[in-house]
Amino acid sequence: MAFIQYLVFDGMPLPLPDSYEVSMEDVEADSGGETEAGTVQRDVVRLGIVSISVSFSVSSKWLKLLTGFKQKDKIGVEYFDTETLESKKAEMFIDGYKAGLVKDTSYKGLWKVSFMLREF
């Protein structure tokens, strides 16, 4: 059985994530809001900005690689789009990076890493 490649960072395929959640948000201008008649007016500047919440259980080798990606200003990301069920490409950055030790092993531990990818 072949697994889906959910994430690729700058050409490097990442391991299979423990969790993977894609959300899309719209950016609205400040000029939108509720009118005097009580109707909602939206002035959408940009549709469908992608955010991906992801977590991994990784070795110390992958912990070091993922921490390196966190330090970059932007990452070329190929991700599995849950809307089209196909891979898409975008420039993103990592936000809310967390790493915690799950279990100490002779190979420098098993680590739980989680973060949010946000599209530019």
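**Figure 1. Aspartate 95 and its salt-bridge partner, arginine 118.** In this predicted model, aspartate 95 counts as partly exposed, at 34% relative accessibility. Who does aspartate 95 form a salt bridge with? That would be arginine 118, with the closest N and O atoms 3.1 Å apart. Aspartate 95 sits in strand E8 and arginine 118 in strand E9, so the pair ties together parts that are 23 residues apart in sequence. Arginine 118 is partly exposed too, with a relative accessible area of 28%. If you're wondering about the chemistry, side chains of opposite charge can pair when their charged atoms come close.

**Figure 2. Lysine 112 meets aspartate 18 in a salt bridge.** Here the closest N and O atoms are 3.3 Å apart. The two residues link distant parts of the chain: lysine 112 belongs to strand E9, while aspartate 18 is in the loop between E2 and E3, 94 residues away in sequence. Lysine 112 is partly exposed, at 35% relative accessible area, and aspartate 18 is partly exposed as well, at 42%.

**Figure 3. Lysine 72 and aspartate 10, a salt bridge between two loops.** The side chains meet with an N to O distance of 2.9 Å. Lysine 72 is in the loop between H1 and E7, and aspartate 10 is in the loop between E1 and E2, so to speak 62 residues down the chain from each other. Lysine 72 has a relative accessible area of 38%, which makes it partly exposed; aspartate 10, at 41%, is partly exposed too. A search of the whole structure turns up 6 salt bridges.

**Figure 4. Serine 51 in strand E6.** Is serine 51 buried or exposed? With a relative accessible area of 5%, serine 51 is buried, because buried means under 20%. Leaving out residues up to four places away in sequence, serine 51 touches Glu21, Val22, Ser23, Met116, Leu117 and Arg118.

**Figure 5. The open sheet and the helix lying across it.** Seven strands line up in the order E2-E1-E7-E8-E9-E6-E3, with antiparallel pairing. Strands E2 (12–13) and E3 (19–28) stand at the edges with a single partner strand each, so one side of each has no neighbour in the sheet. Zoom in on E1 (residues 7–9) and E7 (residues 75–81), and you'll find antiparallel pairing over 3 bridges. Phenylalanine 9 has valine 77, in E7, as its bridge partner. Helix H1 (residues 60–70) lies across E1, E2, E6, E7, E8 and E9, running at about 125° to E8.

How values were computed. Residues are numbered from 1 along each chain as its sequence is written. This is a predicted model: local features need pLDDT of at least 70, side-chain atom pairs count only at pLDDT 80 or more; totals for chains, interfaces and linings use all residues. Side-chain values use heavy atoms; hydrogens and water are left out. Helices (H or I, at least four residues) and strands (E, at least two) are DSSP runs, numbered from the N terminus. Buried means under 20% relative accessible area, exposed over 50%, partly exposed in between (1.4 Å probe, protein chains only). Contact means heavy atoms within 4.5 Å. Two strands pair if DSSP finds at least two bridges between them. Axes are lines fitted to C-alpha atoms, for helices over the stretch in contact, and angles run from 0 to 180 degrees between N-to-C directions. A salt bridge is a side-chain nitrogen of Lys or Arg within 4 Å of a carboxyl oxygen of Asp or Glu.
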